[in-house]
Every structure is written in structure tokens, then in C-alpha cells.
Amino acid sequence: MIHKVQLTVVACLFAAVQGFAQVEQAVVQRIGEQVQPSLVAIQYTWESEFGRREFIGAGIVVSADGLIMAPMTLFDYRIPDDQMKQFKLLVPTADDVDEVDAVFQGRDERANVAFIRAKDKRQWKPVKFVATDLGIGQPVVSVGLLPKAAGYRSYSQVGQVSAKLRGEIPQILVTGGLAAVGSPVFDIQGQAIGFVHYEADQPIALNDERTPLAAVSRPPILFTPASDLLASLQDPPTGKPLALPWIGIVHANGLRKEVAEYFGLKDQPAIEIADVVPGAPADKAGLKAGMIIVKANGKPLERGDEPQELPMILNRQILRMKIAQVVTLSVLTGKGQPEKEFAVKLEEMPSRPNQAPRYYAEDLGFVVRQSVFMDTYLRRLAADAGGVVVAAIRPQGPAQTAKLDGGDMIVEVNGQAVKNLEEFRQVYGDARTAKPREAVVLVVLREGRNQTIRVEPPQ
């Protein structure tokens with residue numbers, strides 16, 4: 001099987017080899033040999049309430065003590081942190097693949113990457129990323145891993161910088177293609193200048209047998225410059241969720257050209273605040289819906305290619321600041337009004353769903369988790385409204401038959417209000433113990449209205 005896959009890989013790479021005419025083949029070979037010891041596969045198991053599933057994806061050694069960087073898309077946010085188990089590094093050798101135990105260090109939203117650390121104290125060979133100004137037409141070489149069926153062998157792709165794209169995540173467009181998601185990108189001097197992030201329709205898993213060679217036959221064409229990674233590489237997660245700053249502006253709009261000009265902001269990027277979370281840093285500083293942000297810390301807002309990208313770009317800049325840091329926003333409060341400055345002291349971002357504790361109501365086939373800030377905010381509820389949120393439903397189980405939906409907020413069980421996971425666990429457990437053959441009646445908040453759902457136990 002492996003021999004057949006390797007032959008197919010050779011055929012698929014033929015076109016890429018033609019690109020070597022612009023870059024000496026010896027250069028490509030040198031870079032490939034230089035980076036090959038720094039490429040590993042990351043394997044972990046998702047142990048959910050409904051079973052186990054194994055994921056394998058590409059990783060890059062970024063420190064001599066065994067710190068590995070990988071695209072965050074390999075660790076889907078729908079997977080709770082405590083359900084990711086049995087991390088290993090698969091290190092390709094000349095004849096086989098070595099397995100090395102590892103631990104998950106955490107996701108990093110600042111650069112959309114995640115980090116894993118090897119338990120083995122061997123001397124690892126890291127890739128050192130450097131920020132550099134890339135020119136149009138500049139050749140680049142990316143080196144990635146082939147899938148499991150091809151033994152995780154490394155391979156190279158040659159591309160050429162054709163455009164620089166602005167947005168929430170800056171991207172470099174290339175012609176000629178790149179190696180698979182999770183691959184480092186080099187200039188012809190051998191400097192690591194970028195990283196291949198996830199693109200739509202690109203495979204993430206190296207153990208996906210449905211499309212094992214998709215990344216070779218349809219290579220990625222975008223990579224993120226190294227400048228976007230450096231903050232995360234200098235201060236990576238250390239084994240627990242990152243404490244990230246937030247400002248509390250959850251809805252905002254980049255001003256279209258004609259609207260900006262109406263406010264006297266010709267050729268100046270600006271963001272209109274649509275909603276401010278009560279009690280959040282922006283609210284405490286006095287910011288209101290309808291105000292227009294024109295500067296941050298005295299500097300004009302960074303441009304995007306489209307107006308709708310502006311709020312995401314500003315939010316990404318704030319993510320890279322520190323909790324308790326003060327950011328000064330220059331704001332227009334109305335047409336013809338002078339700029340007014342608001343000093344906003346950043347606070348820690350509220351916990352996210354993947355960090356919330358869960359409970360499996362196994363006999364009726366559904367999982368609930370503790371509600372978090374976004375659950376109450378999006379439903380326009382008070383922050384202390386409580387309730388638990390349906391996180392998962394077992395296929396063909398009683399809960400699915402009763403049409404309980406993922407995302408439903410349960411506020412009552414058999415007529416008793418539940419405000420948190422512990423209350424749900426107690427009330428639900430008592431009901432199932434006392435009357436195991438009787439239905440459980442849930443009151444759920446769905447689309448702004450209470451609905452009653454009767455879940456019949458299996459008879």
C-alpha cells in the first residue's frame with residue numbers, strides 16, 4: 001500500500017518539480033534536509049462521551065527542549081480541553097517512526113496555533129522563525145509531511161510570492177503551491193519566514209484515508225508570515241488555558257467608504273461600535289453603541305482589504321496585549337464632533353465553552369455543560385441567569401427522539417429550576433433514581449422562548 005501511495009506522490013509532485021527551474025534543485029534539497037528533523041506528526045485521542053477518535057496532524061519543533069507548534073484547527077474548539085488524551089509525537093526515521101510521549105500545552109488564539117511539549121529530553125532541532133519583508137516574485141520553499149499511508153515522509157514544494165493580503169490574519173498568496181497545512185515556509189537562504197495555516201477544503205488530519213493526497217494534488221496557496229507568530233513563540237501556553245485580554249465590544253462594523261466620508265474620515269479606516277457588554281472594560285470606560293473608533297493608542301487603525309475585516313484586526317491586536325494594560329481609543333461621538341479619547345483597562349476574557357465542566361445524562365443520551373458568558377449574552381439574559389447548555393446528543397437516543405437540540409439551554413427539570421451544572425446533576429440524578437421508568441420533563445430556552453420537552457426513557 002505504501003509503495004503505491006509513494007508512486008502516486010511522485011506523479012503528483014511532477015509539476016512542482018518543474019518549478020525548481022527558478023530555484024536551484026540543490027537549494028530545495030538543502031532546505032528539505034535542513035528542516036526534515038524538525039517535522040513531526042502529532043497524535044492524540046478524543047475521548048468523548050460517545051466514544052474515542054484518533055487525530056494525527058503536522059507539527060514543527062520550535063525549541064530545543066521539545067516544544068512543538070501546530071495549527072490550532074487540529075484541536076477543534078468543539079473538543080473540550082479535558083477530553084484530549086494520550087498525546088504522542090510520531091518522529092519519522094530512515095526506517096520507521098519513533099513514538100514519543102507528549103503533553104498538550106494549550107491553544108493560542110493570538111496566532112491560531114497550539115503547542116505540545118515532548119516528554120523526551122533529547123536535543124531537538126528547532127525551526128527558528130524570523131520576520132522579514134517579502135517581495136513580490138520572491139521564491140519560497142515549503143516543507144511538509146506526507147500522510148500516514150506514506151510513512152510521514154517529508155516533501156518540498158516551490159512557490160513564488162504573488163500578493164500580500166491584509167485581514168484579521170495577514171496572508172501571503174503564492175503561485176506554484178505550498179506543502180500541506182502545518183508546514184514551515186522558507187526563503188532560498190533557508191530562513192523560516194512563514195507557516196501554512198488552514199485553508200478551506202485543505203486536509204488537516206494525516207490519518208484521513210478518504211483523501212490521503214489532497215494536499216499534494218491540490219496544494220495550499222496561502223501562508224502566514226512569521227511576524228504573526230513571534231508573540232506566541234516568545235510566550236507560549238504553559239499547560240493551562242491562556243488568560244487573554246478583552247475589551248467587551250462584541251459587535252462592531254467597519255465603515256464603508258461612503259459612510260466614512262460622511263463623518264469626515266476620507267481614506268481613514270474606522271469602526272462603528274454596535275454593542276458594548278454591560279460591565280465590560282469598554283462599558284466601564286464610557287464607550288457606547290454608535291461611537292466610531294478611529295485610532296488605537298494614538299495610531300490610525302490598521303487597514304484590511306475589506307471594511308468588515310477592521311473589527312477583527314483590532315480585536316487581534318488587543319489579544320496580543322496584556323491583562324490590565326490600558327489601551328487608549330480615539331473616538332468620534334457624532335458627526336462634526338472632535339475626537340475624544342477613552343482609556344480602557346483590559347480585563348481577562350470570560351471562560352469559553354471548551355473550558356466548561358460537563359455532565360453526561362447517559363441513560364437519556366445527552367450531554368450538558370455549565371453555561372458561560374457567551375451563552376447568557378447571546379440570549380440577552382442577565383449574567384447570573386444560570387442554566388445548563390446541551391453540548392451533545394447521542395444519535396438515535398431518547399433525547400434525539402424527543403427533539404432536544406444542541407445549544408438548548410435547560411432551565412428546569414421536572415418543574416425544578418436549575419441554575420448551574422451541580423444543581424442539574426442533583427435534580428436530574430434524583431429524578432432518574434426515584435422514577436427510572438418515567439419521562440423527564442425539561443424546560444429549555446430556544447430562540448428566545450421557553451419550550452417544554454418530554455424525554456421518555458428506554459423501556
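Glutamate 199 sits in the loop that links strand E11 (192-195) to helix H4 (214-217). In this predicted model, glutamate 199 is buried but makes no salt bridge. Arginine 218 carries the nearest side chain of opposite charge, and that is 9.5 Å off. With the cut-off for a salt bridge set at 4 Å, arginine 218 at 9.5 Å doesn't qualify. What the side chain of glutamate 199 does reach is backbone: the nitrogen of isoleucine 221, at 3.0 Å. Leaving aside residues up to four places away in sequence, glutamate 199 touches Val181, Pro220, Ile221 and Leu222.

Strand E11 is also part of a closed barrel, where six strands run in the order E7-E8-E9-E12-E11-E10 and pair antiparallel. From one strand to the next, the twist averages 45 degrees. Within this barrel, E8 (residues 154-165) pairs with E9 (residues 171-175) through five bridges, again in the antiparallel sense. Glutamine 160 has threonine 175 of E9 opposite it. Helix H3 (residues 25-35) lies across E7 (139-145), E8 and E10 (184-186), and makes an angle of about 40 degrees with E7.

Then there's the barrel built from E1-E2-E3-E6-E5-E4, in that order: six strands, closed, with antiparallel pairing. Here neighbouring strands are turned by 40 degrees against each other on average, ignoring direction. Strands E3 (residues 67-71) and E6 (residues 113-118) run antiparallel and are joined by five bridges. In this pair, isoleucine 68 faces another isoleucine, number 116 in E6, standing opposite.

Definitions and conventions. Residues are numbered from 1 along each chain as its sequence is written. This is a predicted model: local features need pLDDT of at least 70, side-chain atom pairs count only at pLDDT 80 or more; totals for chains, interfaces and linings use all residues. Side-chain values use heavy atoms; hydrogens and water are left out. Two strands pair if DSSP finds at least two bridges between them. Helices (H or I, at least four residues) and strands (E, at least two) are DSSP runs, numbered from the N terminus. Axes are lines fitted to C-alpha atoms, for helices over the stretch in contact, and angles run from 0 to 180 degrees between N-to-C directions. Contact means heavy atoms within 4.5 Å. Buried means under 20% relative accessible area, exposed over 50%, partly exposed in between (1.4 Å probe, protein chains only). Lys and Arg count as positive and Asp and Glu as negative; His and the chain ends are not counted. A polar contact is a pair of N or O atoms within 3.5 Å; within protein, one must be able to donate a hydrogen and the other to accept it, and residues adjacent in sequence count only if both atoms are side-chain atoms.
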